[in-house]
Amino acid sequence: MTMRLAPLIAILASASSLASCSDTASVQEPPLTEAALAAVKDDPGAARRPLARAIDDLFTRDGLGETRAVVLLHGGEIAAERYAPGYDADTRFISWSMAKTVTAVMIGMLVADGRLELGAPAPVPAWQRPGDARSEITLRHLLQMRSGLDHTEAGPVPVESSEVRMLFLDGRDDMAGWAEEQPLEAEPGERFEYSSNTTVILADIAARTLTDSEDPEDRRQAVADYLHARLFEPLGMSSVVPEFDASGTLIGGSLIHATARDWARFADFLRNKGSYRGAQLVPRQWIEQMVTPSPKSPHYGYQTWLNRPTGEADHPLIPERAPESLFAMIGHMGQYALVSPSQRVTLVRLGHSDAPQRRAMLQQAADVLELYPQS
């Protein structure tokens, strides 16, 4: 009986094995294209083919929106770089709200220069009249989005958004003036409310610090010269084009243009705590404060998003999958510069994705990050 069963068992086992192989083949991923492999450098700091696959998925997987550029740095060197058709290394990409972090660095430089004081009332002339409660707003409150001003970033009716009104409607010629004239809706420092208007106020403070002139061209030139001399030129960010409004105020909450490589270069400069090729462009302590949670928002520092849990399901980053030390610059419709110091990684993804697509895209970005070990 045992002798008769043995061949049958062998046949069944062989059939099972073939079925298993067939199942594996049916779910096998398609071969990597030449473009996918060419995007990854020879020594990217992680397994090359899995990395090529993970980045390829950012461009090809359904449900992520349109990825236009990816630049991945490991240890300050380009590990991978890829562009969608119609875009390349010379394309300038709009920052949207990634610009906020640039504005925060500019403010940090002015603080380091001794020209601004972090804990002092923000030097906005319109708030200094006797009895004006807005005089209690400090520079730190503005940096942490805790001004208390009646700024509503977005809502069901676009034309009622403070951002839309400032950028495109009644505030467009003097954005900072419009943002600064809004009343308080909360005590300064009491609560977190994300606001592009707040960042434009910071940009106006920078202009007033750098020049006494009210002439728009003088204001524009003073800020542009400062940024280029102190930040962009030392970093080698030759592609940067900042936009200014008609009053000469940097639109520092949303409108700076640069190549994907330059956005990666700036983000990696933050990973290095303000140092670039041995030069400390902004104090390390300032960058550390930028990535320290504010008292009212564990996921936000100085104009910078943090990967800290908030206890809420909806989070702008990926605290369940990436290190707590990760921080990010995030721009409208899917502009991301993800910085993971413990992995020595900076990942820039630029494109166009709606809210559900952004959530899915971040999970795919997490797949890229997870290929790198933490130190």
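This is a short tour of one residue and two pockets in a predicted model.

Before you start, residues are numbered from 1 along each chain as its sequence is written. In this predicted model local features need pLDDT of at least 70 and side-chain atom pairs count only at pLDDT 80 or more, while totals for chains, interfaces and linings use all residues, and side-chain values use heavy atoms, without hydrogens and water.

**Stop one: Ile330.** Select residues 327–331, which form strand β9 (strands are DSSP E runs of at least two residues, helices H or I runs of at least four, numbered from the N terminus). Ile330 sits in this strand and is buried, at a relative accessible area of 12% (buried means under 20%, with a 1.4 Å probe and protein chains only). Now show its contacts (heavy atoms within 4.5 Å): beyond neighbours within four places in sequence, they include Trp305, Pro316 and Tyr336.

**Stop two: the largest pocket.** Keep Trp305 selected and add Glu153, Tyr194, His332 and Arg358; of the 31 lining residues, these five lie nearest the pocket's centre. A pocket here is an open set of points on a 1 Å grid over the protein atoms alone, where a 1.4 Å probe fits, with protein on both sides within 12 Å along at least five of seven lines; lining residues have an atom within 4 Å of a point. Colour α6 (162–168), β9 and α12 (355–369) next, as each supplies at least two lining residues.

**Stop three: the second largest pocket.** Which element gives the most to its lining? Select α10, which contributes 6 residues.

Definitions and conventions:
Buried means under 20% relative accessible area, exposed over 50%, partly exposed in between (1.4 Å probe, protein chains only).
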